[in-house]
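Work through the exercises below with the sequence and the structure in view. Each task is followed by a solution in steps.

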Amino acid sequence: VQLGQLLDNPDSLVKAQLIEAEAFKCLGRHYEALQVLNGIRHDVRHPVSPSYYYQYHSNLLSLYEMASDNEDRQYYQKLMKLYRDSTDIRGGNDDISLRINQGEILKTKRQYQEAVMLLEQIRNEHPDELQHNAIFWFSLADAYEHLGKIEEAKYGYAMAAIIDKRRCSKTYTALQNLSMLLYQEGDLDRAYYYITTSLHDVIRSGARQRLSLVTGYLSIINGAH
């Protein structure tokens, strides 16, 4: 960001701010991410990019899922609708990330079957691009889990976990969710191994907000083990 300001290049500065916002989001610091996004200035010459709306929407979705108060959830849901509409207008329906985000919105409305249909359509249209897209596989697995299709959910979580590990990502959730499904099926050895691996990686990542979620899983699995 400092380099972008020094160069006095609006395009470079916006790109740097988007990267900064994504970094905050990866650490679970969604409010700081939104503050960075709110600080990005756009004008006719440098209009807002679809990536801006995708990131803003994605952070709101995370805050919505984390909210424990129903009033807060309704507030974030309204904001998500606003940015979803903005995303549709500016981004169209061709960008994979934007379409995955649309699937996430369907899930907030509990329209899981519709979300699966949309995500499977993306899967059929872009099989090569999705071989390295952990977000897609996690989103699809989550939708299948809500529909009670556990085998499909396990496959999606496993795919996302493999991609995360290959990318050396430490803030994943796919392996945690997979461990819970295995725990529910009585596969305690693998469930315990996966959740302790997740705990180790989250500690190394410094993503404090994710730590409480993993330790919650660990107490359940450890007790059964």
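**Exercise 1. Burial and overall make-up**

Task: State what percentage of the residues of the protein count as buried, and describe the elements of the protein in order.

Solution. Step 1: The model is predicted. Of its 225 residues, 47% count as buried.
Step 2: The exposed surface of the protein is about 12700 Å², and 50% of that area comes from carbon and sulfur atoms.
Step 3: The protein has twelve helices and zero strands. Read from the N terminus, the order of elements is therefore α-α-α-α-α-α-α-α-α-α-α-α.
Step 4: Among contacts with a separation of 6 or more, 53% join residues 24 or more positions apart.

**Exercise 2. The nonpolar cores**

Task: Find the largest nonpolar core and say which helix gives the largest share of it.

Solution. Step 1: The largest nonpolar core has 38 residues. Ile 122, Phe 136, Trp 137 and Tyr 157 have the most contacts inside it.
Step 2: At least two residues of this core come from each of helix 6 (96-108), helix 7 (112-125), helix 8 (134-146), helix 9 (150-166), helix 10 (174-184), helix 11 (188-205) and helix 12 (208-224).
Step 3: Helix 8 gives the largest share of this core, seven residues.
Step 4: Take Phe 136 and set aside its neighbours within four places in sequence; Phe 136 is then in contact with Ile 100, Leu 119, Ile 122, Arg 123 and Leu 130.
Step 5: Another core, of 13 residues, lies apart from the largest one. Its members include Ala 21, Tyr 56, Leu 63 and Tyr 76.
Step 6: As background, nonpolar side chains in soluble globular proteins tend to be buried together.

**Exercise 3. Three helix pairs**

Task: For helix 8 and helix 9, decide how the two run relative to each other. Then treat helix 2 with helix 3, and helix 9 with helix 10.

Solution. Step 1: The axes of helix 8 and helix 9 come within 8 Å and cross at roughly 160 degrees. An angle over 145 degrees counts as roughly antiparallel, so helix 8 is roughly antiparallel to helix 9.
Step 2: The crossing of helix 8 and helix 9 is left-handed. Residues that meet there include Trp 137, Phe 138 and Ala 141 in helix 8, and Gly 156, Tyr 157 and Ala 160 in helix 9.
Step 3: Helix 2 (residues 10-26) and helix 3 (residues 30-38) have axes 7 Å apart and pack at about 170 degrees. This makes helix 2 roughly antiparallel to helix 3.
Step 4: On the helix 2 side the contact is made by Gln 17, Leu 18, Glu 20, Ala 21, Phe 24 and Lys 25. On the helix 3 side the residues are His 30, Glu 32, Ala 33, Val 36 and Leu 37.
Step 5: Helix 9 and helix 10 pack at an angle of about 145 degrees, and their axes are 8 Å apart. The crossing of helix 9 and helix 10 is left-handed.
Step 6: Among the residues meeting in this pair are Ile 150, Ala 153 and Tyr 157 in helix 9, and Ala 174, Leu 178 and Leu 181 in helix 10.

**Exercise 4. Helix 10 and Gln 176**

Task: Explain why helix 10 is described as largely enclosed, and decide whether Gln 176 is buried or exposed.

Solution. Step 1: Nine of the eleven residues of helix 10 are buried, so helix 10 is largely enclosed by the rest of the structure.
Step 2: The buried residues are Ala 174, Leu 175, Gln 176, Asn 177, Leu 178, Ser 179, Met 180, Leu 181 and Leu 182.
Step 3: Gln 176, in helix 10, has 1% relative accessibility. Buried means under 20%, so Gln 176 counts as buried.
Step 4: Leaving aside neighbours within four places in sequence, Gln 176 is in contact with Ile 195, Ser 198, Val 202, Leu 213, Val 214 and Tyr 217.
Step 5: Just after helix 10, Gly 186 takes a positive phi of about 90 degrees.

**Exercise 5. Ile 221 and Gly 206**

Task: Give the burial class of Ile 221 and of Gly 206.

Solution. Step 1: Ile 221 lies in helix 12 and is buried, with a relative accessible area of 0%.
Step 2: Beyond neighbours within four places in sequence, Ile 221 is in contact with Ser 179, Met 180, Tyr 183, Ala 191, Tyr 192 and Ile 195.
Step 3: Gly 206 sits in the loop between helix 11 and helix 12. With a relative accessible area of 43%, Gly 206 is partly exposed.
Step 4: Gly 206 and Leu 27 are 179 residues apart along the chain, and their C-alpha atoms are separated by 7.0 Å.

How values were computed:
Residues are numbered from 1 along each chain as its sequence is written. This is a predicted model: local features need pLDDT of at least 70, side-chain atom pairs count only at pLDDT 80 or more; totals for chains, interfaces and linings use all residues. Side-chain values use heavy atoms; hydrogens and water are left out. Helices (H or I, at least four residues) and strands (E, at least two) are DSSP runs, numbered from the N terminus. Buried means under 20% relative accessible area, exposed over 50%, partly exposed in between (1.4 Å probe, protein chains only). Contact means heavy atoms within 4.5 Å. Accessible areas come from the Shrake-Rupley method with a 1.4 Å probe; for residues, only the protein chains shown count as cover. A nonpolar core is a set of buried Ala, Val, Leu, Ile, Met, Phe, Trp, Tyr and Cys residues joined through side-chain atoms within 4.5 Å. Axes are lines fitted to C-alpha atoms, for helices over the stretch in contact, and angles run from 0 to 180 degrees between N-to-C directions. Angles under 35 degrees count as roughly parallel, over 145 as roughly antiparallel, 65 to 115 as roughly perpendicular and the rest as oblique. A crossing is left-handed if the near helix is turned anticlockwise from the far one by less than a right angle, and right-handed if clockwise.
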